[in-house]
Amino acid sequence: MTVPASAHAIEELARRAFGLDVEAVEMLPGDLEANARITVRGAPDAPLLLRVYTSGLDPRSVAFQRDLVQHAIDADPGLLPLLQTPARPGQDPVRAPFEGVEREARLLRFIPGRLFSELGRRPPALLEELGEVLGRLDRALEGFEGRPAPDPDDPWPLLDAPAAIEARLGAVDPSAARRGRLEEILAGYETRVAPVLGDLRRSVVHHDANENNVIVTEDPLAPRVAGIIDFGDAAHSATVTEVAIAAAYAGLGTRDPLGAMARVVAGYHRALPLEDVEFDVLTDLALLRLAQSVAISSAREAEARARGEAPDAYHLISQAPAWAALDALADVHPRLARAVLRDAAGLDPRPATRVFETWARKARFEPLLGTSLEDAPRVDLSVASPLLVEGAEDLSMEAWGRRLEELRRAASAPATVGYHDESRLLYAASEAFGEPREDGVEPRTAHLGVDLFAPAGTEVRAPLDGRVLSVAINAAPLDYGPTVILEHAPEDAAPFWTLFGHLEAASVAGLSPGEEVPAGAVVARLGAEEENGGWPPHLHFQVILDRLELEGDFPGVAPPDRRAAWTALCPDPAPLLGLESCAAPGHSTAELLAARRAGSCSSMSISYRRPLQMVKGRGATLFDHEGRAHLDAVNNVPHVGHCHPRVVTAGQRQMSLLNTNTRYLSAGIERYIELLRARLPAHLEVIYLVSSGSEANEVALRLARAATGGAEDVLVQEHGYHGHTGATVARSHYKFARAGGFPCPPDVHVVPCPDAFRGPHRGPDAGARYVEEVERTLERLETAGRRPAAMLAEAIIGCGGQVVPPEGYLAGAFDAVRRAGGVAIADEVQVGFGRVGSHMWAFEEQGARPDVVTMGKPIGNGHPMAAVATTREIADAFAGGMEFFATFGGNNVSVAIGAEVLRVIDDEGLMENAAARGAQFFREMEPLAARHAAIGDVRGRGLYLGVDLVTGRETREPWTALAAHVAERMRDHRVLVSTDGPAANVLKIKPPLVISADEITRIVKTLDRVLGELD
């Protein structure tokens, strides 16, 4: 029962037994003891913990807890901050009257922080640290000889759990099959754990590192383990019970208890390596702890109700999440879980697999299709396979199946051969091909067999002697269709199984389980599309080393985060096919990252702490190399969507005809210039075609110098960015004023960023006041006898934090520059081409009239091209003798692509979509801003958006660490955003214009969830 102690009684004990001048008492949860946080007068920052053993605990057990902690600290002094030590070592414990009864009491150092159970999210790094701390603790206790006083009524020792559970089964609700679930767990314990109990090493362990016995730091973004408390359940037990108990509780409240368990095990194994036999029983022991927990809480609830009392909330707090974790973990076969846990610990998931692979390479097998496959073409069906697309359109199965058949015929081969462990998108259309994880659904994309594509009716033979285990019709779409599994028992190897999928129903009708099938005998024939799950005719052939008690069916694809475990159960079947290897080609992300670091400049940035390897894009979606789909909410370059079919086709068509430079006349170039000019204000008559936004801004600066008779002084915005060339970096305050930069050049004059949220000027007159800042800079130039060449300005300041200037600013600033004799340059490289929704160009939305406009990034939907538009007068001034020529600017392929981008914007109403989706974003963000105090400002236009994160709305102090954390967590949820602003505290959201209403909602909901994790 929970201790019914009063704060008054605690205060009296503290004064009388320990002489404390108590200022405040805060009661804390306890089971068999009263716990209180004591604040001593004059020492508010040094609280103490007073623990009173009100249950009448044997004094020997109290001394045991004290000695255990001291032994651990002596063995590993680094544990001192993590364990509760006596506040007054000479007075621990004391025996004093408490509520009229003599009790043991301890005054301990209080560990500040919060309970692990109070976290909105359990970061993997924290789970690993928890495991590591427990591993260190158990390593430190290896020589401890103390023992707690025996308590025959204690129901919590894990190795005594079977008896405790059986005694309480009657209290468990049978209506939801819960009692049956506990009986299954007890049976698993008797089958897999009890026989090896004598092989498990033993030591004293904490034995109850549950979510209320772990203290974590207050850091909301990256909590650390602050302490392990309450050694009241410490016991001499199998050492592995420590990590099993902690791992079981770590999975409470999670969508993927096994994933949480794996992280705890990984950390523990680092500190105290687990033995093979301990891995064998880990999952069963974790399940046993969860079963023990729900059985005890069910019994206590029943006892309370029998007495006519309300159940104790402390005892019931973990019951619902414990049942959920128990059900989820019990649905994973323990041998598969073992492989997952071994892999997490950096071990071979299944050592016996290596033995099979060695045997298979030496054994002799009959040809699966009756003839050698050695010269058969290999076919790539991976996420990035060119075989599966036509232009930018994904082919139907029927269409790519015809391609594979053409390859087979051209090679006169019996089949085309697919790859093992290849990541595929072919299953994405079915919801069945996914598994829940903490941050979403993990798609099952890793192919566990090898496909042999051949005509329907092709005979399939047994590679070696076997017997039929099962014959099944797996008729769901994209499933195997008719399926046969053979069992093989070679004399010189362990038994294993082979799966034959996508067969002809008539050919398997005569097979029966138990039937012998000699090597080389026909097993079945390949089925046609209408009966094989909807696939082009082929054989899915898979080796299974552990069938996990399944028959009739077996997973043929695995989630990529657990591919090592699954491929250990289902290794490459190449030896049985007479082939050296069927392993899928490709590079891991770690390999590519190492190559990038070795071969590229170190200053080349990579997004996210866990970099992504992207291989395919469609619309607003990017696919990584393992087939995970990510919503691209940050990439404004693929303006009309990743790999838009019309844009891809336009480029391919022109590339097949001609690609050369502008020294030759081309109707395509002139058509493109007219299309672009028609979308600009009438006074911008002349177009220059170049290759990048940086080059466009270089040309714009040259135009300004020519138009002003050689003037050099340029006004730029604070935090502005205009390119990476020498001239543009020197005029990009965001670059030269930051780390690795240089002093402001003498001909560059920085005017304040027109930020009405955090800048010096706010309120309704902010625009005019920021214009005055520009005018004062121009006056200083005039006083010095210097004429400005230009003002180079972003219509929305991206690197400044998606800052939309206040009303009147851009028009007023440009007018002021012109009055001073300079040229107004609008940098639309980021925000042009309809992104703001209301207008084609952001400067139009602000009522400004530029003399030069630069364009880039979205202009070619990812193809490297850019443009500069200006007046005839400025163009004539520039044409003063020096030839203008850009080798790749205006090449035939670029302008074909650029023209199609413009047409797609019009035909698909993408400017209107930008307006609608931007309005939707602001509308859906309103309740979030009310709910999360960290949202200081939501701003932007159309689909150029920013969310400014702050430590407090009153101070508007940028919360840089939170923005970085949110971007990383949204990446975990497969929504890609970035950070920007001088303090990198602004979430940058600028997706392709084809983004849908549902996708906008997903961005907002993901942001809500990530911020909610911190509440």
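Which helix lies across E27, strand E28 and E38, and at about what angle to E28 does it run? In this predicted model, the answer is helix H29, made of residues 997–1012, which runs at about 95° to E28 (629–632). The sheet beneath this question is worth a walk-through, and the rest of the protein follows from there.

The strands crossed by H29 belong to an open sheet of 4 strands, ordered E26-E27-E28-E38, in which the pairing is mixed. Strand E26 (614–618) and strand E38 (975–976) each have a single partner strand and stand at the edges, so one side of each is left without a neighbour in the sheet. E26 and strand E27 (residues 621–624) run antiparallel and are joined by 4 bridges. Within that pairing, Lys616 has Phe623 of E27 as its bridge partner.

To place this sheet in context, the overall make-up of the protein is helpful. The protein has 1015 residues, of which 57% count as buried, and it contains 29 helices and 40 strands. Along the principal axes, its C-alpha atoms fill a box of roughly 100 × 90 × 50 Å. Among contacts with a separation of 6 or more, 73% involve residues 24 or more positions apart.

A second open sheet comprises 3 strands in the order E6-E8-E9, with antiparallel pairing. Here the edges are taken by strand E6 (114–115) and strand E9 (225–228); each has a single partner strand, so one side of each is left without a neighbour in the sheet. Strand E8 (residues 214–216) pairs with E9 over 3 bridges in the antiparallel sense, and Val214 stands opposite Ile228 in E9. Helix H3 (residues 124–140) packs on this sheet and touches E8 and E9, its direction making about 40° with that of E9.

The nonpolar interior comes next. The largest nonpolar core holds 100 residues, and Leu182, Leu282 and Leu285 touch the most other members. Helix H8 (residues 276–306) supplies the largest share of this core, 13 residues. Beyond its neighbours within four places in sequence, Leu282 is in contact with Val240, Val243, Ala244, Met261, Val265, Leu274 and Leu341. Apart from this core lies another, of 89 residues, which includes Val817, Val836, Ala869 and Val975.

Aromatic side chains add a further layer, with a count of 17 aromatic pairs. One of these joins Trp359 and Phe365 in an edge-to-face arrangement, at 5.8 Å centre to centre and with 85° between the planes. Both partners fall under the 20% cut-off for burial: Trp359 counts as buried at 12% relative accessibility, and Phe365 counts as buried at 13%. These two residues form one aromatic cluster together with Phe356 and Phe496.

Helix H13 (residues 397–411) offers a simple check of geometry. At 1.5 Å a residue, its 15 residues should span 21 Å, and its end C-alpha atoms are 21 Å apart, which agrees. The buried residues of H13 are Met397, Ala399, Trp400, Gly401, Leu404, Glu405 and Arg408. Strand E13 (416–417) and strand E17 (450–453) are included in what covers them. Just after the helix, Ser412 takes a positive phi of about 50°.

Two charged residues round off the picture. Asp747 is found in the loop between helix H21 (733–736) and strand E31 (748–751). Is Asp747 buried or exposed? With a relative accessible area of 17%, Asp747 is buried, since the cut-off for buried is under 20%. Leaving aside its neighbours within four places in sequence, the contacts of Asp747 are Glu712, Asp713, Val714, Arg731 and Arg786.

Arg872, by comparison, lies in helix H25 (residues 872–878) and is partly exposed, with a relative accessible area of 42%. Not counting residues up to four places away in sequence, Arg872 touches His683, Glu685 and Val686. Arg872 and His683 are 189 residues apart along the chain, while their C-alpha atoms are separated by 7.9 Å.

Notes:
Residues are numbered from 1 along each chain as its sequence is written. This is a predicted model: local features need pLDDT of at least 70, side-chain atom pairs count only at pLDDT 80 or more; totals for chains, interfaces and linings use all residues. Side-chain values use heavy atoms; hydrogens and water are left out. Helices (H or I, at least four residues) and strands (E, at least two) are DSSP runs, numbered from the N terminus. The expected span of a helix is 1.5 Å times one less than its number of residues. Buried means under 20% relative accessible area, exposed over 50%, partly exposed in between (1.4 Å probe, protein chains only). Contact means heavy atoms within 4.5 Å. Two strands pair if DSSP finds at least two bridges between them. Axes are lines fitted to C-alpha atoms, for helices over the stretch in contact, and angles run from 0 to 180 degrees between N-to-C directions. A nonpolar core is a set of buried Ala, Val, Leu, Ile, Met, Phe, Trp, Tyr and Cys residues joined through side-chain atoms within 4.5 Å. Rings of Phe, Tyr and Trp (its six-membered ring) pair if their centres lie within 6.5 Å; planes under 30 degrees apart count as stacked, over 60 as edge-to-face and the rest as tilted.
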